[in-house]
Amino acid sequence: MTMQLRVLGEDGVARIDRAARTVLERTGVLVPHARTLGLFAAAGANVEGERVRIPSTLVDACLAQTARSFTLYGRDRTRTAPFGQGRRNYNSIAGEAHWLDGPRRRAATMADVTAAARLGQQLEGLTIVGAMADPAERPVQVRCVEVAAELLRNTTKPITFWFHDGPSAKFVMELFAAVAGSAEAAAQYPVGYPFLEPISPLRFAPAGLDVLFETACAPLPVPIGPMAQVGMSAPATLAGTVAQETAEILAGLCAVQLIRPGTPVVFGGIAHAFDMRTTQLIFAGPEQGLMAVALTEMGRHYGLPVYTNTGLTDSKAVDAQAGLEAAATLLMGALGGSDIFGHLGISGVDQAASLEMLVFQHEVIQYVERVMRSFAIDDETLALDVIDAVGPGGLFIDQDHTLDHFRTEVWMPKLLDRRYWSAWDEAGRPETIDRVRQRLLDLQNAYEPCPLPDATERDVQRVLADASRHLLR
């Protein structure tokens, strides 16, 4: 059974596509990067200073070169995250400046990266493990290399973190090669990817483009995700924001293909609404779900895998608001057909990373995955012979058919409370946050280390030493 949610439809997709191409041809994008400007000029774009106007023919040529699918691999190569292959993926946030310890917010540390990697290893619904922390205690020049190394030491799944710049990306690539066994193996079995985030409206950051030139040697896949904000960095209408975001992604795709033709690209539809009362971006309003579905339709129109920001919350705590927002938007994203749902584990709008929030959102993932699995309709599941054997007024609980099916048909949560009132009352009336904290503690106590082999660890230490020596001088 196929379940799909659509917002644009064929006519809407066609109109957004035409609007995005008009933006690229008439308005253009700002590319403050000499090497990339040269590639655009050579490919036939209209380059005036740092403004690049991209003809539709160039967009089509670059789309034709783009790989439509790929797979990320953990250092355990049975732990995979396939894109463009009909499977949903989930990742925890690549990094936040702040961290929540219960109600206390503090600066994130490298120890938090370790904790995030270990929890991500244990949560079966997470296919890509994010660092969750961006530890300011480490120099920014080498931070992403050290964060990547710590992730690789503590999880065997694919990983995600924030690449910083071109020079540090060079050492990240060496790190990936050390863990994979060679540069060729690292290219064949990519363990992570750089995230290219155009700055809305219609600009690119030089450091992000520098990273692409370093990772193009593999090449690593590239998700492209501008965070256009309705009424702030994009038009005050959802249609206008979706059109602008589509233009920004297509411009990024062109840059990626000009740097290395054939590089896989993910269409990162992560536009957000904006709250004019608080002057705060909105992570989880109904508009977030609507734009995620619309941008998924656009990504599918171009034949690309899609990344959306759904399953998030504007709440700073695990509470009823978090449950409503995470579940509603994640279900919309899943029904829309996205390939990956990212940045889980954030409390509020980039206010802090929280292991408690990640554990809670993981329960939402499992709920949504049960919905997406739907149910089979065949002779066995229709159970006419069982209904006839039980007859009017009977019970099904003692039937072999019930024993055969109840575990697979009905989802059993790990956090949600379904007990009788008396049992809940006798247990002290635990609230959702109490169950989340106990579940987190149980997982942390059950973690089984997965260290790198000794020879690989020595290679990692060599790369880290070289990175410090060259980047901190």
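## Close-up views of a predicted model

**View A. The surroundings of cysteine 217.** In this predicted model, the sulfur of cysteine 217 lies 14 Å from the closest cysteine sulfur, which belongs to cysteine 144, and this is too far for a bond. A disulfide is a covalent bond between the sulfur atoms of two cysteines. Because a pair counts as a disulfide when the sulfur atoms are within 2.5 Å, cysteine 217 and cysteine 144 do not qualify at 14 Å, and the count comes to zero disulfides. Cysteine 217 is exposed, with a relative accessible area of 56%, whereas cysteine 450 counts as buried, at 14% relative accessibility.

**View B. Helix 5, residues 140-154.** This helix has 15 residues and reaches 22 Å from its first C-alpha to its last, which is close to the 21 Å expected at 1.5 Å a residue. Helix 5 is mostly covered, since 13 of its 15 residues are buried.

**View C. An open sheet of three strands.** The strands of this sheet follow the order 1-3-2, and their pairing is antiparallel. Strand 1 (29-30) and strand 2 (46-48) are the edge strands, each of which pairs on one side only. Strand 1 pairs with strand 3 (residues 51-53) over two bridges in the antiparallel sense, and the bridge partner of leucine 30 is arginine 51 in strand 3.

**View D. A nonpolar patch on the surface.** Phe375, Ile377, Leu382, Leu384, Ile387 and Phe396 form this patch, and together they have about 610 Å² of accessible area. Isoleucine 387, found in helix 14 (residues 384-390), is partly exposed, with a relative accessible area of 44%.

Conventions
Residues are numbered from 1 along each chain as its sequence is written. This is a predicted model: local features need pLDDT of at least 70, side-chain atom pairs count only at pLDDT 80 or more; totals for chains, interfaces and linings use all residues. Side-chain values use heavy atoms; hydrogens and water are left out. Patches are made of residues with over 30% relative accessible area and no salt bridge: like charges are joined within 9 Å, nonpolar side chains (Val, Leu, Ile, Met, Phe, Trp, Tyr) within 5 Å. Accessible areas come from the Shrake-Rupley method with a 1.4 Å probe; for residues, only the protein chains shown count as cover. A salt bridge is a side-chain nitrogen of Lys or Arg within 4 Å of a carboxyl oxygen of Asp or Glu. Helices (H or I, at least four residues) and strands (E, at least two) are DSSP runs, numbered from the N terminus. Buried means under 20% relative accessible area, exposed over 50%, partly exposed in between (1.4 Å probe, protein chains only). The expected span of a helix is 1.5 Å times one less than its number of residues. Two strands pair if DSSP finds at least two bridges between them.
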